[in-house]
Amino acid sequence: MIRVVLPQHLRTLARVSGEVSLDIAGPVTVDSVLDVLESHYPILRGTIREHVTKRRRPFIRFFACEQDLSHEAPDTPLPEAIVAGTEPLLIVGAMAGG
Amino acid sequence: MSTIRLLVGTRKGAFILTSDGTRKQWAVDGPHFGGWELYHLKGSPVDPDRIYASQTSSWFGQVIQRSDDGGKTWNPPGTRPEDLMGTDGMPKGESNMFLYDASEKTGKPLTTHQHYDGSQRPWEFKRVWHLEPSLTDPDTVYAGVEDAAIFKSTDGGKTWKELAGLRSAKGQLWQPGAGGMCLHTIVLDKGNPHRIFVAISAAGSFRSDDAGQTWRPTNNGLTSKYELPDPDAEVGHCVHCITMHPSRPNVLFMQKHWDVLRSDNGGESWQEISGNLPSDFGFPIAVHAHEPNTVFVVPIKSDSEHYPPEGRLRVYRSKTGGNEWEALTKGLPQQDCYVNILRDAMAVDQLDPCGIYFGTTGGQVYGSADGGDSWTPIVRDLPAVLSVEVQTLP
């Protein structure tokens, strides 16, 4: 199972607490994880990536294994630790200073 | 006795303020959607328990929320009651898809507008500024959005379709103002369901007479000598708000970037009625519930300050339909006040005497239960107020 950590506002929106576990068939990539996430939690469609273009929203970041994967192609295979479920994929709301 | 319910949208959530008809003691409920910007909430005139809300975030985009019990519980439209049952229950609605009409027939010629640098840019959805429920059907609601366009839902907010004819009204010439290219005002005509007025920042006012299929600019008489190279241009005027009294649908009142104006012919032409206002800049404009010629504005110092002149918060009232204005100050701060009142942040109730309410960027919501003669702060320390709407419940 793939583990996903959502930012607080999206957990509230989807009414989940803690991590989300997803069963991904085929290659595990940001896109395939988000496809399954959005099919389980339709309210999250449009909140992480744009509806039509599927581009990451500007203030969303994808972290895994202490790496920022936000600028990787969304069909890039995720690290083995994510695939094995030993590490979560972190979906993060970018910092806003002030 | 009647109940008054104020729907307050703020930078960090929604609040519902409730009082009986005396309007002296208020209960504060909220924040709903804490941490999100609530640009606008508005109840259906047909079913007051049906309330639509625009929940938006620079991080996570747009969500439409709907309450069917007067604001006690909220769900994205499209969520069925059974979706919420059980420990794993969750909303299945996904009411946040606002796709511009790009069809060959109606959308293709309209896909770009002018940008700051003079180039043409494609329309790009950013957020819903204003929700206007139908006067006759609780499942029908209009949304005014940025980049400027109007959308309509006929299934309670679950799905949205653009009324793309609006962008044919010289949309290629519209360009964003400092606050964004937003459609912020939608006025429906109770006596004529085919007529709709909208207003867009830095584009102007527009009217449809066929239920939103086709539109034309209604800016004759607007003058913007400091904002536009052609002061009398057909489009490009920065209209801030329009209002009407339902008994006189051909009489419209407008607060423009500069100037307060009035039309007596359904927007065909406008005349300035700023009269003796200390500043004719401002954002909201409201009309009394029972006196169609009594109008309220809040003068603001500009072009860049955006706070009350002399630090004195004054609502101005005209009982003559404009030109002659009186300052209403009792109960409002008359020194060191530097808040703003945004375009959707003033509204009236339907009681007699009429109640008037407005919210400030300093987080205060003020109310008057005597037609504006005196004011009381209902709450003082909310996040910056973006919108105030009133429901008068039996």
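**A loop residue in chain B and the two chains around it**

Setting aside residues up to four places away in sequence, B:D189 touches B:R195 and B:P249. That is a handy place to start looking at this model, which is predicted. B:D189 sits in the loop between β13 and β14 of chain B. Is this residue buried, exposed or partly exposed? With 18 other C-beta atoms within 10 Å, B:D189 comes out as partly exposed, since a residue needs 20 or more to count as buried. There is also a link across the sequence here: B:M244 is 55 residues from B:D189 along the chain, yet their C-alpha atoms are 8.7 Å apart.

The loop between β13 and β14 of chain B holds B:N192 as well. For B:N192, the count inside 10 Å is 13 C-beta neighbours, so this residue is partly exposed too; the cut-off for exposed is 12 or fewer. Pairing B:N192 with B:K105 gives a separation of 28 Å between C-alpha atoms, with the two positions 87 residues apart along the chain.

The strands on either side of this loop belong to a sheet. β13, β14, β15 and β16 of chain B line up in that order as an open, four-stranded sheet with antiparallel pairing. At its edges stand β13 (183-188) and β16 (216-217) of chain B; each has a single partner strand, so one side of each has no neighbour in the sheet. Inside the sheet, β14 (residues 196-200) and β15 (residues 204-208) of chain B run antiparallel and are joined by five bridges. One of the residue pairs is B:I196 with B:S208, its bridge partner in β15(B).

Chain B has another sheet built along these lines. Here the order is β9-β10-β11-β12 (chain B), again an open sheet of four strands with antiparallel pairing. Which strands stand at the edges? They are β9 (127-133) and β12 (161-162) of chain B, and because each has a single partner strand, one side of each is left free of a neighbour in the sheet. Between them, β10 (residues 141-146) and β11 (residues 149-153) of chain B pair in the antiparallel sense, with five bridges. In that pairing, B:G144 faces B:I150 in β11(B).

Stepping back to chain B as a whole, the tally is 29 strands and zero helices. The chain has a radius of gyration of 20 Å, close to the 21 Å that the globule rule gives for 394 residues, so chain B is as compact as a globular protein of that length. A box of roughly 55 × 50 × 40 Å, taken along the principal axes, is filled by the C-alpha atoms of chain B. Buried residues amount to 53% of the 394 in this chain. As for contacts between residues at least 6 apart in sequence, 50% of those in chain B join residues at least 24 apart.

What about the nonpolar interior? The largest nonpolar core has 131 residues, and the members that touch the most others are B:L6, B:V8, B:V198, B:M346, B:Y357, B:V365 and B:V388. β14(B) supplies the largest share of this core, five residues. B:M346 gives a feel for the packing: beyond its neighbours within four places in sequence, its contacts are B:P284, B:A286, B:F296, B:V298, B:I341, B:Y357, B:F358 and B:V388.

Chain A is built in another way, with three helices and five strands. Along the sequence they follow the pattern β-α-β-α-β-β-α-β. The radius of gyration of chain A is 13 Å, which agrees with the value near 13 Å for a compact globule of 98 residues. Its C-alpha atoms fill a box of roughly 35 × 30 × 25 Å along the principal axes. In chain A, 26% of the 98 residues are buried. Of the contacts with a separation of 6 or more, 55% are between residues 24 or more positions apart.

Confidence in chain A averages a pLDDT of 94, and 98% of its residues reach 70 or more. Strand β1 (residues 2-5) of chain A has the highest confidence, at 98, while helix α1 (residues 8-14) of chain A has the lowest, at a mean of 94.

Finally, the two chains meet. Chain A gives 17 residues to the contact and chain B gives 17 residues. On the side of chain A that touches chain B, α1(A) makes the largest share, four residues. By class, that side of chain A consists of nine nonpolar, five polar and three charged residues.

Key. Residues are numbered from 1 along each chain as its sequence is written. Chains are lettered from A and ligands numbered from 1 in the order in which they are written. This is a predicted model: local features need pLDDT of at least 70, side-chain atom pairs count only at pLDDT 80 or more; totals for chains, interfaces and linings use all residues. Two strands pair if DSSP finds at least two bridges between them. The radius of gyration is taken over C-alpha atoms; the globule rule is 2.2 Å times the number of residues to the power 0.38. Two residues are in contact if their C-beta atoms, placed from the backbone, lie within 7 Å. A nonpolar core is a set of buried Ala, Val, Leu, Ile, Met, Phe, Trp, Tyr and Cys residues joined through C-beta atoms within 7 Å. pLDDT is the predictor's confidence in each residue, from 0 to 100. Ala, Val, Leu, Ile, Met, Phe, Trp, Tyr, Cys and Pro count as nonpolar, Asp, Glu, Lys and Arg as charged, and the others, Gly among them, as polar.
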